[in-house]
Amino acid sequence: MLANGQMRLPLGLRSGATLDDFCPEPNTAALNAVRSLLVRPAPVFVLYLYGPGGVGKSHLLQGAAQSDAGWIPYIECAEMMQSFVDLALPETFSSLVDAPLVCLDNVDAWAGQVDQEKFLYDLYNERFHRARPLLLAGREASRQLVWTLPDWASRFSACVPMALQLPDDLQRLHILQTMAQRRGLRMDRDVARYVLRHQSRDMVVLESLLEMLDARSWEQQRQLTIPFIRHCLDREASS
């Protein structure tokens, strides 16, 4: 436990996942909704973001957790299945109740798990009494989730659902160029198109790719050209 009574949790935060670094297209409304949870009093008590992988749900939750609003825990529910007993300890639970915001990612992984649903129900009730919001995320729409505990299902039905959309090709191109620019890299449109044609379009994968290209371009003092990127990708594949 930390000196201020907050528990150390396996947060798994990425330093680059901030709200300022989130490219809003096509999910500007979701970004604004998450920002609204960081003000007191928050206009929404429970916000549930959902959509397929790669739409930016985790980025928004981690960005909220790394805002300036105080200690905001980010918990990846799917990764807490084995260590849930630690999360449910009274001192940990108390710390979560008092946080200005709690971010629970992949919360749908807990559907059908009685202990986890009871935890969510209790956390909801305690934070409701303190007027402190929750930010949840999952892949499935709220109406498609099948919860075991009727009480928690009733509470969850009161959340505000918001669907996130995958960017189209032009938006993805702009996002990639913006991500590169924020690293101080110049990536023209032809180069960005080449990357999107030959690599996964998942934003997390592309972020890792840019990190590698950033390091290689610095080491070799090279610009991001198609031949240079092809060389870097071949080198990564053979290592």
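## The second largest pocket

The second largest pocket is lined by Arg 183, Gly 184, Leu 185, Arg 186, Asp 214, Ser 217, Trp 218, Gln 221, Arg 222, Gln 223 and Leu 224, where a pocket is an open set of points on a 1 Å grid, with room for a 1.4 Å probe and protein on both sides within 12 Å along at least five of seven lines, and lining residues have an atom within 4 Å of a point. Its volume, taken as the space filled by probe spheres set on the points, is about 170 Å³.

## Basis of the model

This is a predicted model, in which local features need pLDDT of at least 70 and side-chain atom pairs count only at pLDDT 80 or more, whereas totals for chains, interfaces and linings use all residues. Residues are numbered from 1 along each chain as its sequence is written, and side-chain values use heavy atoms, with hydrogens and water left out.

## Helix α7

Helix α7, a DSSP run of H or I with at least four residues, numbered from the N terminus, covers residues 169–182 and reaches 20 Å from its first C-alpha to its last. At the start of α7, a side-chain oxygen of Asp 168 comes to within 3.2 Å of the backbone nitrogen of Leu 170, and just after the helix Gly 184 has a positive phi of about 80°; Gly 184 is also one of the residues lining the pocket.

The buried residues of α7 (under 20% relative accessible area with a 1.4 Å probe, protein chains only) include Leu 173, Ile 175, Leu 176 and Met 179, and what covers the buried residues includes α8 and α9.

How values were computed:
Helix = DSSP H or I, 4+ residues; strand = E, 2+ residues; numbered from the N terminus. Expected span 1.5 Å × (residues − 1). Buried < 20%, exposed > 50% of the residue type's maximum accessible area, 1.4 Å probe, protein only. Contact = heavy atoms within 4.5 Å. Polar contact = N/O pair within 3.5 Å; in protein donor to acceptor, adjacent residues only side chain to side chain.
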